[in-house]
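Grab a coffee and work through a few short exercises on one protein chain. Try each task by eye before you read the solution below it.

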Amino acid sequence: IRVDGGASQNNLLMQLQADFLQTRVLRPTTIEATALGAAFLAGLSIGFWDSKEELRSMWQLERDFLPTRNYDVTHERQSWAKAVARSLNWANP
């Protein structure tokens with residue numbers, strides 16, 4: 001999975017994603033992909049770049065998170081659902 005955005009800066013979160021999903025999580029050197037994507041589209045539209053392949057070649061890996069633990073995903077999802085249910089309406093007077 002390729003990630004981007006502010007949350008992808010959090011190493012713990014990215015490692016948890018890799019562990020829970022049992023897959024590699026790839027974080028690029030440029031994590032603010034929204035602005036970069038807009039610039040790429042603009043550049044493509046005016047011919048600054050010739051192809052999407054040229055843009056793909058610019059993607060660079062900053063860090064690769066590999067699964068380190070096996071989680072019982074069913075149990076983890078049940079625990080998450082329980083935590084969410086307990087937090088609902090906690091701030092109501």
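The exercises below go through helices, aromatic rings, pockets and a few single residues of this predicted model.

**Exercise 1: two helices and what comes after them**

Task: work out how the spans of H2 and H4 compare with the spans expected at 1.5 Å a residue.

Solution. Start with H4, which covers residues 73–87 and so has 15 residues by the run rule. From first C-alpha to last, H4 reaches 21 Å, close to the 21 Å expected. Now take H2, with its 13 residues. Its C-alpha span is 18 Å, and that is close to the expected 18 Å.

Next, look just past each helix. After H2 comes Gly47, with a positive phi near 85°. After H4 you meet Asn89, and the phi there is positive too, near 60°.

**Exercise 2: sorting out the aromatic rings**

Task: find the aromatic pairs, say how each is arranged, and decide which of the rings are buried or exposed.

Solution. A pair of aromatic rings is described by the distance of the centres and the angle of the planes. Ring centres have to lie within 6.5 Å to pair, and planes over 60 degrees apart count as edge-to-face.

Step one is the count: there are 2 aromatic pairs. Phe40 and Trp49 make up one of them, with 5.1 Å from centre to centre and 85° between the planes, which is edge-to-face. Phe48 and Trp49 have centres 4.9 Å apart and planes at 90°, so this pair is edge-to-face as well.

Step two is to put the pairs together: Phe40, Phe48 and Trp49 form one aromatic cluster.

Step three is accessibility, where under 20% is buried and over 50% is exposed. Trp49 comes out at 15%, so Trp49 counts as buried. Phe40 is buried too. Phe48, at 59%, is exposed.

One more ring deserves a look. Arg2 lies over the face of Trp59, 3.8 Å from the ring centre.

**Exercise 3: the largest pocket**

Task: describe the volume and lining of the largest pocket, and say which helix gives the most to that lining.

Solution. Rolling a probe the size of a water molecule over the atoms shows where empty space is left. For the largest pocket, that space is about 470 Å³. The lining has 18 residues, and the closest to the pocket centre are Ala33, Leu36, Phe40, Leu55 and Trp59. Two of these names are already familiar: Phe40 from the aromatic cluster, and Trp59 as the ring under Arg2.

Now sort the lining by element. Helix H2 (33–45) and helix H3 (52–56) are the elements that give two or more residues. H2 gives the most, with 6 residues. Sorted by class instead, the lining has 10 nonpolar, 4 polar and 4 charged residues.

**Exercise 4: the second largest pocket**

Task: list the residues that line the second largest pocket and find the element with the largest share.

Solution. This pocket has a volume of about 210 Å³. Around it you'll find Phe20, Leu21, Val73, Glu76, Arg77, Ser79 and Trp80. Helix H1 (11–21) and H4 are the elements that give two or more residues here. The largest share, 5 residues, belongs to H4. By class, the count is 4 nonpolar, 1 polar and 2 charged.

Pick out Glu76 from that list. Glu76 sits in helix H4, and with a relative accessible area of 28% it is partly exposed. Its C-alpha is 8.6 Å from that of Phe20, although the two are 56 residues apart along the chain.

**Exercise 5: an unusual backbone angle**

Task: place Gln22 in the chain, then describe its phi and its accessibility.

Solution. First, the place: Gln22 lies in the loop between H1 and strand S1 (25–28). Then the angle: phi is positive at about 55°, although Gln22 is not a glycine. Its relative accessibility is 37%, so Gln22 counts as partly exposed. Finally, check across the chain: the C-alpha atoms of Gln22 and Asn70 are separated by 7.3 Å, with their positions 48 residues apart along the chain.

Note on methods: Residues numbered from 1 in each chain as written. Predicted model: local features only at pLDDT ≥ 70, side-chain atom pairs only at ≥ 80, totals over all residues. Heavy atoms only, no water. Helix = DSSP H or I, 4+ residues; strand = E, 2+ residues; numbered from the N terminus. Expected span 1.5 Å × (residues − 1). Phe/Tyr/Trp six-rings, centres within 6.5 Å; stacked < 30°, edge-to-face > 60°. Buried < 20%, exposed > 50% of the residue type's maximum accessible area, 1.4 Å probe, protein only. Lys NZ or Arg CZ within 6 Å of the ring centre and 35° of its normal. 1 Å grid on protein atoms, 1.4 Å probe; cavity = no way out; pocket = protein on both sides within 12 Å on 5 of 7 lines; lining within 4 Å. Points joined across faces, edges and corners; volume = space filled by probe spheres on them. Nonpolar A, V, L, I, M, F, W, Y, C, P; charged D, E, K, R; others polar.
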